[in-house]
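Reader: Please take a close look at a single part of this structure and explain it in plain terms. I am a first-year student, and I would like the cut-off given with each term.

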Amino acid sequence: MVNQSRIQSIGAIFQIDPNKKQASRGGRRAVLFVYATEGLENMAFIANALSLVTYFYGYMNLSMTKSATTLTNFMGTAFLLTLVGGYISDTYWSRFKTCLIFILIELMGYVILTVQAHYPQLRPTPCKLDVAEPHCEAADRGQLALLYTGLYLIAFGTSGVKSALPALGADQFDKNDPKQAGQLSSFFNWFLFSLTIGAIFGVTFVVWTGANHGWDLAFGVSAAAVLFALLSLCMGKSHYRNNKFNPKGSPLSSILQVLVASIRNRKLPIPEKAEDLHEIHDKEAGEEHEYLQRTEQFGYTNFFNHIHHYSSQILGPGSRQLLPYYRRFVNIYKPRSLETLHSDTVEEVKLLIRMLPIILSTVFMNTCIAQLQTFSIQQSMTLDRHLIGFKIPGPSIPVIPLLFMFFLIPFYDRVLVPLLRKITGIPTDIRHLQRIAIGLVLSCISMAIAGVVETRRKSVAAKHNMVDSGEPLPMSVFWLGFQYAIFGAADMFTLVGLLEFFYAESAAGMKSLGTAISWCSIAFEYFLSSVVVETVNKVSGGWLGSNNLNRDKLNYFYWLLSGLSVINLGAYLLCAWWYKYKKVEVVVLKKQDGSNGNAEMIKA
C-alpha cells in the first residue's frame, strides 16, 4: 500500500480526472441503430439457416445427407469464424468499420445466391422422380462453386457482425457509471430482443416467401434486409461514442508471447511491490488507462512481471534508444512496442484462461438445444399443425420458442430486473455467472419435459393404432410449447449471460474477441450434434435407429440428455466457483507544466 506522503508528492505532478464523455453521443439513442441492424441481419440469417436444406435438396439436387451436412458445416463455420471477426476488430479496425465491411461481404453472398436461384442455367436441371424413368442431374463444379461462394461469404460476413456489433452497442454505455452500468445490462437483453424479432420475421415471412414464391425472391428479401441493416448502421455513425480506433496490438500475439516467455523464465522471482508491476512512464497524458490487479491464479505466468520490473530498473523511464537491449534481455521479439507488455498483459492472458472453462461448460447445453430443435420439428410433422384454419409449415415451428422469448424478454427486463436490483443491490440485477447457471438449470428441466411430452405423443399413437401411420396424430402441435417455453427461457438467460460476461470480463483490447468466444459455444453445437446422436444410437442399440418416431425411443434420449445436463451443470458450478472476477483501476494521468519526475501507480 502506498503511504500518504508518497501519494501527495505524486499528486503534485499528476492529477486523476474522471472520464468525460460527450453527452450528445452514445446512450440509448445510439443503440437503437444497433438493435435495428441486428434485427434485420438476423432476419436474413436465421430464415436461411432453417430452410436451406430444402433448397439444397430440391433445387441444387444434393442428397438429403449431403444437404444436412452442408447446412451443419455452414452454420458451424459462421459462428466459429466470429473469432476471426473479433480478432480483426480488436487488432486492425474499429468496431464500426468491422461491422460495415462484414455486412458488405454478407450482402455479396446473398446477391450471389439470389442470382443463382433466379437463373436456371446456374442450377442443375430439377430431378424427375415421379416418372417411369427417374432422372436426377447432379450439380456441376461451377454450380457448386457458385453455391459455396455465396454461402461462405454469408458465413464470413455474419461472423464479423456477430463479433463486433454487440461490442459496438455495449461501448455506448459507461460501465463505471452506476446508472449506465444498469443500462449496459439492459442493452444485452434488448439486443437479444431485436435478434428475436428478426428471427420471428425470418422463420415466418421469409420462409413462407421461399415456399410459395420461389427461392430467388426469398434470397432477394434476405439481401434487402441486409442492405437496410447496412443503412441503419451507417445512419447511427454520428451517434456512436468510442468510434475511433485505438490500437492496442494483437491480442493473440500477446497471448503467445506470455505463454512462451512463461516457460523460458519460469524460475525468476516476482517483485514484492504490486505497484512496481505497472509501467506508466511512457503513457500519454490525458488518456484513460485501465490497470488489472494482479491475481495469484496461474502463478507461473507472473514471470513477466519480474522481467518488466527489472528492465525498468535497468533502462529507466523513456529510454527508447535502449529497447534493442531490452528485447535481447527478454529474449522475445515482439510485434509492438515492448513497454506495453507488462503486468496487465499477463493478467489479460490469465483472464482468458479463466474464462475458457466457462464457455466449454456451456457447449453441452447448446448441443442439447440443437437436438431439441431438430427432433421437435420432426415431432411436429406427426402432430396436428392447424391453427384457426391455417396449417403451420414445418420449418416455421421454431417460431413457437421465439414468440415465448418475445414476451419473456420485456417482462424480465421491465419487471424482474428492477425487483432483483432492489434485492441484490447489483446494477446488473444478478451476476453474469448466476444468469448463465439459471439458463443451464432451465435446460435440464426443458429436456426432462421434452421426454414427458414425447411419452404422451407415443401413447396417443398407440391408443389410436397409428404407430405405423403417416397421418397426423389427434394431438395438437402446441403440446411442444411446454418444452419450447422453458427452452426459450434457458436460451435467453444463457446467451445474454455469456455475451455480457465475456464483454464485461474481457480486457479493454479484447472486447470483440470476447463476444466472439461467447458465440463459439453455438459453433460447437452444430459440429457435435450429429456425433451425439450417432454415439447414443450406437451405444443404446438403436434408440433412434428407425425412420419412425412412433417406434423410436426419443423420450429415453431426451431423459438421457437431461441427466447428462445435470452433470454438466455440476461441472459449470465448479468452474464458476473457481472463477475470479477481474478487478481494474481506471485513471487519467495529467502532467503539470514544468514538472519533472517519475510516474508511479496510485492506488484508489
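Author: What follows starts with one packed pair of helices, moves to the salt bridges, and ends with a second pair and a few single residues.

This is a predicted model, in which local features need pLDDT of at least 70 and side-chain atom pairs count only at pLDDT 80 or more, while totals for chains, interfaces and linings use all residues. Residues are numbered from 1 along each chain as its sequence is written, and side-chain values use heavy atoms, with hydrogens and water left out.

The protein chain has 18 helices and 5 strands. Helices (H or I, at least four residues) and strands (E, at least two) are DSSP runs, numbered from the N terminus.

The part to look at is the pair H5 and H8. Two packed helices are described by the angle between their axes and the distance between the axes. Here helix H5 covers residues 95–118 and helix H8 covers residues 215–235; they pack at about 165°, and their axes are 8 Å apart. Each axis is a line fitted to C-alpha atoms, for helices over the stretch in contact, and the angle, from 0 to 180 degrees, is taken between N-to-C directions. H5 and H8 are therefore roughly antiparallel to each other. That term is for angles over 145 degrees; under 35 is roughly parallel, 65 to 115 roughly perpendicular, and the rest oblique.

The crossing of H5 past H8 is left-handed, a word used if the near helix is turned anticlockwise from the far one by less than a right angle, with right-handed for clockwise. On the H5 side, the residues making the contact include Phe96, Leu100, Ile103, Leu107 and Tyr110, and on the H8 side they include Trp215, Phe219, Ala223, Val226 and Leu230. Contact means heavy atoms within 4.5 Å. Sorted by class, this contact of H5 with H8 has 18 nonpolar, 4 polar and 2 charged residues. Ala, Val, Leu, Ile, Met, Phe, Trp, Tyr, Cys and Pro count as nonpolar, Asp, Glu, Lys and Arg as charged, and the others, Gly among them, as polar.

Helix H5 also takes part in a salt bridge, through Arg95, which lies in H5. The partner is Asp171, and the N to O distance is 2.5 Å. A salt bridge needs a side-chain nitrogen of Lys or Arg within 4 Å of a carboxyl oxygen of Asp or Glu, and by this rule the count is 7. Asp171 sits in the loop between helix H6 (141–170) and helix H7 (178–213), 76 residues from Arg95, and the pair links distant parts of the chain. Arg95 and Asp171 are both buried; buried means under 20% relative accessible area, exposed over 50%, and partly exposed in between (1.4 Å probe, protein chains only). Asp90 joins Arg95 and Asp171 in a network of salt bridges.

Two other salt bridges can be set beside this one. Arg457 pairs with Glu454, with the closest N and O atoms 2.9 Å apart. Both residues belong to helix H15 (residues 432–463) and are 3 residues apart, about one turn of the helix. Arg457 counts as buried because its relative accessibility is 1%, and Glu454 is buried because its value is 0%. Asp413 and Arg414 form a salt bridge with their closest N and O atoms 3.8 Å apart. Asp413 is buried at 4% relative accessible area, whereas Arg414 is exposed at 54%.

The second helix pair is H16 (residues 481–505) and H17 (residues 511–540), which pack at about 150° with axes 7 Å apart. H16 and H17 are therefore roughly antiparallel, and their crossing is right-handed. Among the residues in contact are Leu495, Leu498 and Phe502 of H16 and Ile517, Trp519 and Ile522 of H17. The contact of H16 with H17 divides into 9 nonpolar, 3 polar and 1 charged residues.

Last come single residues. Ser159 lies in helix H6 and is buried, because its relative accessible area is 0%. Leaving out residues up to four places away in sequence, Ser159 touches Ala78, Leu81, Thr82 and Phe102. Phe201, in helix H7, is partly exposed at 48% relative accessibility. With neighbours within four places set aside, Phe201 is in contact with Met43 and Val206. Ser63 is in the loop between helix H2 (27–58) and helix H3 (64–80), and is partly exposed at 42%.
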